[in-house]
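Me: I want to go through this model and check the labels. For each one, tell me what it rests on.

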Amino acid sequence: MVLDQAAERQCCHDDPLDTGKTQQASLSHQHCEEEVGGVPGVEVRLVTSEEEEEEEEEAGLLSDITTLVLRYGRRRGRSCLTLSASAAVGFAAAFLLAYAVFGGRSQGSEAGAPREEQGRQRGGANSPGEGGAGLYLGELRTMMKRLLQDEDIYNTVSVVSRVPHPPGSPAGTSLASEILRRFRRLQMDHTWTESLYATLQFPHSSQRSSLRLLDSAGLVLDQVPVNPSDFCPYSASGSTTGGVVYANYGRPQDFQWLQGAGVALDGRLVVMRVGGGVSFAQKVRMVEKNGGGGALIYPDPADLPQDPRRLGLNTHTAVSEHVHLGSGDPFTPGFPSFNQTQFPPIQSSGLPLVPALPISASAAAKLLSQLSGPSCPPSWRGRLPYVRCLVGPDLTSGRRVQLSVHNVMKTVLLNNIFSSLEGREEPDHYIILGAQRDSLGPGAVKSGVGTAVLLELARTFSTMVKNGFSPRRSLLFVSWDAGDFGNVGATEWLEGYLSMLHLKAVAYFSLDQAVMGDDVLSAYTSPLLVDLLDAAIRQVEHPKHAGQTVFSQAERDGGSWRIMKPLYLNSGAFSFTAFAGVPAMELRFTEERAYPFVNTPLDEAARLQEVLGGRLGQVGRSLGELVGEMVLRLAHAHILPLRITSYAQTLLQLSAQLNRHNAELQARGLTPHWVFSARGDYSRAAETLQRAIDDSDLHDPSTTRFYNTRIMKVEYYFLSQYVSAVETPFRHVIQGRGDHTLSALSEHLDLLTSDPGRFDETRFRRQLALFTWTLQGAANALNGDVWSIHHHY
């Protein structure tokens, strides 16, 4: 009995969240509430039950796990007593006791674990952690699954999306205070806020944007209805008048077709459909690039359901989205807005120079029904009633359209909210989870789901730590502000800490827009995380197909490889990889039928719940379990489970493309030899590093830290050092945007066949040099020491 009590005291002593430490952390951050609270008008409460009842429920769920942890502690106490008897007897006793404890533990754990957990290897994700409770990954997974709750997710989404809560509004500030309170109630190791000022754009308070139909004399014939709250943040303000051109989705190939058909934009208004795989910002940029005078963007019934009786939009609802071709505050590009008054006046090159306005399907039909000119291709035909698919640019009877946009810039105080659990072995290495908190509308999908899953994962992992989980690396949970304006809060934080993040950030998981359905999973991800994702989808049950994992269902639907997709500009994960060089991922459950309410005033919890057949909490829990599984593996493994050879395949595809154009290149005095050499150096360096890791003692702390530090830098190595972070913030040569990237190089290379007259040899040489030397630098860095690098120039 005495030994058992001593073992229990030792177990409590090992708990990183002991009472004294918790009180100290709480006291050190009391001032944080004052930073985001104190605004009257709207009060948001995310807690729907008494805290005492929640604690009792958690205690019931964990009683058997706590008993398991304490039992191991008692065994350690008995072994220490035995070892003190004598040297000879102690040696034998220790050997037998170790065999009994660890052998018995392995057998006992295997009995209830999945088959893949039964063959535990030395090191890696399936090994027990040193110190603390020493729980295996299978035991941690079981703990996590039992703690994740459906009800909390649904309740949080409902409360968060009750009213619109844009940045700086009373509702937004009240929600920030409540999330800070929720984090602090979890008694994490650290909870704090970081404030910054950013320039955001809103509709003018007195001057309304308008859309008018004019006769040939310039007199107003009709006022096309426009909702005053519908706007495109960061649109150019002003008026423009002219004809109308229909440009389908506004993709590059759509404008190429118009050019081939002889349809000139020449200052005319361009009407485009929502969707097509391009953002509003990309659509507006293409209008500007091709000489258009303004952009009108509408939801077509062919793309977004518009029958309210069947969970669709009504024909008078517009879809809003920002039009800054970038992320972060566009008036401090490449550097943070923590103290914007010190920076010289500068603005992002991604800000549009033409006005843009979202319009409804009924407004679009009113304009497009009056077009004349060539017929559009069959694939351009939407489902607007009484509209023949013509492209313009003229309207009947010499009519014209006048667009007036009146938006104003405002400096707004933003608050990002952080909470963290410190790691045991590598506390300076962070696994980051984040979600957008704000929304111009109710934002059930836009901000509610992500916030709910973020809080639920924070509660789950903090409870796991209290009950035996000792993560090797730190977990950082973040609620971001101003996501609706281009991930401003997250990007400004990245810009402020860029110099250190590539040394500390292991990976980032964006929870934005995580649930739009319950059928199809998409993962927008860095290639370094694909093995992690593949392992997770094999462990988590599909939310719609009981008894099947997400992996098995994906295989039935055509292959699990379809789940993995490239990062895109408006993703909450994009800036982490393309700007900061941190592997990032954004997961999303959707339906084959598009969820139509995102970025509209109809994005409410009740509609999302109806789309999901009353299973919002369950689907949110499945998404949280997928992210949690990957976080567990990253936090638990001795060696970070990132696929450091993943980019070799992408580079091999570039080599094949260069080979196809080898004859044309040589005819112009160009050679891809140096690219081939750099690709080979990188592939060999990555494979050599992976072999060295596989052959190392992964239980030696200095060895694992050495390799983990090198693994964490792989993504960062692909940030080009030859372009400016201010002028070209997305410097990643594969995931980024700009003339230095692989995609730009490939598109230019294709001109050799499709349009040789537009091929610019000087530009291509520069692109080739920028890409080659970034790639060669990555290969050199992976090789390690300078004496390990051998080049013959």
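Reply: Start with the elements. A helix here is a DSSP run of H or I with at least four residues, and numbering starts at the N terminus. Y154 is found in helix 8 on that basis. Keep in mind that this is a predicted model.

Me: What makes Y154 partly exposed?

Reply: Its relative accessible area is 31%. Buried means under 20%, exposed means over 50%, and partly exposed is in between. So 31% puts Y154 in the middle class.

Me: Which residues does Y154 contact, beyond its neighbours within four places in sequence?

Reply: Q609, L616 and G617. Contact requires heavy atoms within 4.5 Å. R615 also comes up for Y154: the two C-alpha atoms are 8.7 Å apart, with their positions 461 residues apart along the chain.

Me: How much of the contact in the protein chain joins residues at least 24 apart, counting pairs at least 6 apart in sequence?

Reply: 80% of those contacts. The chain has 793 residues, and 57% of them are buried. Its secondary structure comes to 26 helices and 16 strands. About 32200 Å² is exposed, with 52% of that supplied by carbon and sulfur atoms.

Me: Back to helix 8. Why are helix 8 and helix 13 called oblique to each other?

Reply: Look at the angle. The axes of helix 8 (residues 150–160) and helix 13 (residues 444–466) cross at roughly 140 degrees and come within 8 Å. Roughly antiparallel needs over 145, and roughly perpendicular runs from 65 to 115. The value of 140 fits neither range, so the pair is oblique. Helix 8 passes helix 13 in a right-handed crossing.

Me: What residues meet where helix 8 and helix 13 touch?

Reply: Helix 8 brings D152, I153, T156, V157 and V160. Among those they meet in helix 13 are A444, V449, A452 and L455, along with E456 and R459. By class, the contact has seven nonpolar, four polar and three charged residues. G448 of helix 13 is also in the contact, and Gly counts as polar.

Me: How do you know that helix 9 and helix 13 are in a different class of packing, and which one is it?

Reply: The angle again. The axes of helix 9 (residues 170–185) and helix 13 cross at roughly 20 degrees, and they come within 10 Å. Angles under 35 degrees count as roughly parallel. At 20 degrees, helix 9 and helix 13 are therefore roughly parallel to each other. The crossing is right-handed. I179, R182 and F183 of helix 9 meet T451, L454, L455 and A458 of helix 13. Those residues divide into five nonpolar, one polar and one charged.

Me: What makes helix 16 oblique to helix 20?

Reply: Helix 16 (residues 530–537) and helix 20 (residues 616–636) pack at about 125 degrees, with axes 9 Å apart. That is past the 115 limit for roughly perpendicular and short of the 145 limit for roughly antiparallel, so helix 16 is oblique to helix 20. Helix 16 supplies L532, L533, A535, A536 and I537 to the contact, and helix 20 supplies L626, E629, M630, R633 and L634. Eight are nonpolar, none is polar and two are charged.

Me: Why is helix 12 called mostly covered?

Reply: Count its residues. Six of the eight in helix 12 (residues 361–368) are buried. They are A361, A363, A364, A365, L367 and L368. Their cover includes strand 2 (210–214), strand 3 (220–224) and strand 9 (400–405).

Me: L311 and Q187 next. Is L311 buried or exposed, and what decides it?

Reply: Buried. Its relative accessibility is 18%, and the cut-off is under 20%. L311 lies in the loop between strand 7 and strand 8, with a positive phi of about 55 degrees although it is not a glycine. Q187 also has a positive phi of about 55 degrees and is not a glycine. Its loop runs between helix 9 and strand 1. At 40%, Q187 falls between the 20% and 50% limits, so it is partly exposed.

Me: Which peptide bond is cis, with omega near 15 degrees?

Reply: The bond from G392 to P393. P393 lies in the loop between helix 12 and strand 9.

Notes: Residues are numbered from 1 along each chain as its sequence is written. This is a predicted model: local features need pLDDT of at least 70, side-chain atom pairs count only at pLDDT 80 or more; totals for chains, interfaces and linings use all residues. Side-chain values use heavy atoms; hydrogens and water are left out. Axes are lines fitted to C-alpha atoms, for helices over the stretch in contact, and angles run from 0 to 180 degrees between N-to-C directions. Helices (H or I, at least four residues) and strands (E, at least two) are DSSP runs, numbered from the N terminus. A crossing is left-handed if the near helix is turned anticlockwise from the far one by less than a right angle, and right-handed if clockwise. Buried means under 20% relative accessible area, exposed over 50%, partly exposed in between (1.4 Å probe, protein chains only). Accessible areas come from the Shrake-Rupley method with a 1.4 Å probe; for residues, only the protein chains shown count as cover.
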